[in-house]
Amino acid sequence: MSDGVYVIPDNRVPIVPNVGIVVGTRAVLVVDTGIGPRNGAYVLERARRLADGKPLFLTTTHFHPEHGFGASAFKGVATIIANRAQRDELRRKGVGYVDMFRWLGPSIAAELEGVELVEPDLVYDGDAELDLGGRHVVLRTVGPAHSAGDQTVLVDDRVLFTGDLFETRMFPIAPYFPPHDVDVDPRRWIGVLDELMALGPEVVVPGHGELTDAQGLRAVRDYLDYVRAESERLRTAGTPADEAAAAVAGSAHDRWPTWDNAEMIGLAVHAFYAAG
Ligand SMILES: [Zn+2]
């Protein structure tokens, strides 16, 4: 998609993420793996072709299965890097998410067959920089927002990988699944999107959906702020969470009628209710 930056597009297929491959003169960085060992092996094969013998690094935007559960294909072949919060979140919730995702259907269960949750080789706090040779990459800890361990990847101050902090023309995934997972922080998420817009990236690679730019990020930021305001209004009026979720699901769907994943709206309302 630009000098030395490649994207395997999701083509809006559910549970398929956008995957990045960043090629420098000395090393190659893969961003996200797809779900399970088979997808991980496919991504690895693509990366190896582009790397032409150069050392490989792998990082994941967050621990969720379609972003990180192909990492076993890379273990021992690439140097795997993650922030500490993401590593810890994988330890806490990885097995539970394998079970949860198996229930999404037989094709997902098949991809998770034989999945191995692997730990990163390198763990960092805050920010980490990678010099791939003519390609400068900043890994930044920005969670908790969509997940506890969210990480953005910024290449040459120009191309930003957001993971699921942003999806194009989709109601963003709000993984509020009590009691298994209540780490989504919807208020902080709005602030993170403001920070990402301020970086002014030319190209934004979302977790799912088409590529966009800094201004494109505003759509999800405004949606989350709408859900925040409506949730606060309804809670103040004494509306129970389930009723509020149904009401906001209807009104948000009317406002953003072309977006997919409408089932995520109610979860976002519950997350804001829980956030108090
Ligand atoms: Zn996710």
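The paragraphs below lead from the overall form of this predicted model to one of its sheets, its nonpolar core and a single partly exposed residue.

Taken as a whole, the protein has 276 residues, and its secondary structure comes to eight helices and eleven strands. Along the principal axes, the C-alpha trace spans about 60 × 40 × 35 Å. A compact globule with 276 residues would have a radius of gyration near 19 Å, and the value of 18 Å found for the protein therefore agrees with that expectation. Of the 276 residues, 49% count as buried. Where contacts between residues at least 6 apart in sequence are considered, 67% of them join residues at least 24 apart.

One part of the fold to follow by eye is an open sheet of six strands, in which the order is β1-β2-β3-β4-β5-β6 and the pairing is mixed. Because β1 (5-8) and β6 (122-124) stand at the edges with a single partner strand each, one side of each is left without a neighbour in the sheet. On average, and with direction ignored, neighbouring strands of this sheet are turned by 20° against each other. Within the sheet, strand β4 (residues 56-59) and strand β5 (residues 79-83) run parallel and are joined by three bridges; Phe57, for instance, has Thr79 in β5 as its bridge partner. Helix α3 (residues 84-102) lies across β5 and β6, and its direction makes an angle of about 95° with β5.

The largest nonpolar core has 77 residues, and those with the most contacts inside it are Val22, Val28, Leu29, Val30, Ala268 and Val269. Helix α8 (residues 263-275) gives the most to this core, contributing eight residues. Val30 offers a useful view of the surroundings: apart from residues up to four places away in sequence, Val30 touches Ile21, Val43, Ala47, Leu56, Leu58 and Ala78.

A different setting is found at Val203, which belongs to strand β11 (residues 203-208). Is Val203 buried, exposed or partly exposed? There are 18 other C-beta atoms within 10 Å of Val203, and since a buried residue needs 20 or more and an exposed one has 12 or fewer, Val203 is therefore partly exposed. Leaving aside neighbours within four places in sequence, Val203 is in contact with Met1, Ser2, Arg158, Val159, Leu211 and Asp213. Asp157 is 46 residues from Val203 in sequence, while the two are 9.8 Å apart in space, C-alpha to C-alpha.

Key: Residues are numbered from 1 along each chain as its sequence is written. This is a predicted model: local features need pLDDT of at least 70, side-chain atom pairs count only at pLDDT 80 or more; totals for chains, interfaces and linings use all residues. Two strands pair if DSSP finds at least two bridges between them. Helices (H or I, at least four residues) and strands (E, at least two) are DSSP runs, numbered from the N terminus. Axes are lines fitted to C-alpha atoms, for helices over the stretch in contact, and angles run from 0 to 180 degrees between N-to-C directions. Two residues are in contact if their C-beta atoms, placed from the backbone, lie within 7 Å. The radius of gyration is taken over C-alpha atoms; the globule rule is 2.2 Å times the number of residues to the power 0.38. A nonpolar core is a set of buried Ala, Val, Leu, Ile, Met, Phe, Trp, Tyr and Cys residues joined through C-beta atoms within 7 Å.
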